[in-house]
Amino acid sequence: SMSLTFKVGQAVLSDDDTVGIRQIDSVKQALLDIIHGEGSQLKEFHIVGVASPDGSYASNLTLAKRRMEYILGQITSIIPNKNKVFITTKAEVAPWSNVADLLEADSLKTEAKAIRDIIQKYPGGQDRQWERIRSLPFYKSVISLYLPKLRTVNYSFKYDLYRELT
């Protein structure tokens, strides 16, 4: 899992996200070790981009897709025979319940309950939930601080390693 800082509303890493750049480089190096390793072969690479629920659901999903594709391009650019590797991608928007979970974990029970009440009142309507949640008096001072924690890229890969029996 990587926690990356993107420029607001864009599918480009923030210039000051040196940790994110190191994380991407680390994944690239791990894949290169497999690709160039003796008796190893990369079989699958899976990536999921997750956006925070702040904003309209449709635009967040589109942004999550663009960001995931950007990172996918960065990472898989080092794979020589992409057609021999099964690659899957997925983009999703984190639900508001994840924000409530983070708040509860930090003992902000009242704030978490307010979010859960809105979710219960407007089930399945993330846009309506967002409209109500952003009008909470502690939205800017508390909730907005937790949203970056939900903006992630998760990846996994599978490879075969063949060794001679000794």
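**Close-up 1. E104, a partly exposed partner for R116.** In this predicted model, E104 has a relative accessibility of 29%, so it counts as partly exposed. Its side chain meets that of R116 in a salt bridge, with 3.2 Å from N to O. E104 sits in helix α3 and R116 in helix α4, so this pair ties together parts that are 12 residues apart in sequence.

**Close-up 2. D101 also pairs with R116.** Look here for the salt bridge between R116 and D101, where the closest N and O atoms are 2.3 Å apart. The pair links distant parts of the chain: R116 belongs to helix α4 (residues 109–121) and D101 to helix α3 (residues 96–105), 15 residues apart. At 39% relative accessibility, D101 counts as partly exposed, and R116 gets that label too, at 27%. Put the pieces together and you have D101, E104 and R116 linked in a network of salt bridges.

**Close-up 3. K158 and E44 bridge two strands.** The count of salt bridges in the model comes to seven, and one of them joins K158 to E44. Their closest N and O atoms are 3.9 Å apart. This one links distant parts of the chain, with K158 in strand β4 (residues 152–161), E44 in strand β2, and their positions 114 residues apart. E44 has 22% relative accessibility; buried would mean under 20%, so E44 counts as partly exposed.

**Close-up 4. The largest pocket and its lining.** This view goes to the largest pocket, with a volume of about 310 Å³. There are 16 lining residues, and F6, V8, G9, R67 and R151 are the ones that lie nearest the centre of the pocket. Helix α2 (residues 57–76) supplies the largest share of the lining, three residues. Sort the lining by class and you get six nonpolar, five polar and five charged residues.

**Close-up 5. The second largest pocket.** Here the space comes to about 160 Å³. The residues to pick out around this pocket are I35, S40, Q41, L42, I79, P80, N81, K84 and V85. Strand β2 (residues 40–51) gives the largest share of this lining, three residues. By class, the lining has five nonpolar residues, three polar ones and one charged. Strand β2 may ring a bell from Close-up 3: E44, the salt-bridge partner of K158, is in that strand.

Terms used
Residues numbered from 1 in each chain as written. Predicted model: local features only at pLDDT ≥ 70, side-chain atom pairs only at ≥ 80, totals over all residues. Heavy atoms only, no water. 1 Å grid on protein atoms, 1.4 Å probe; cavity = no way out; pocket = protein on both sides within 12 Å on 5 of 7 lines; lining within 4 Å. Points joined across faces, edges and corners; volume = space filled by probe spheres on them. Helix = DSSP H or I, 4+ residues; strand = E, 2+ residues; numbered from the N terminus. Nonpolar A, V, L, I, M, F, W, Y, C, P; charged D, E, K, R; others polar. Salt bridge = Lys/Arg side-chain N within 4 Å of Asp/Glu carboxyl O. Buried < 20%, exposed > 50% of the residue type's maximum accessible area, 1.4 Å probe, protein only.
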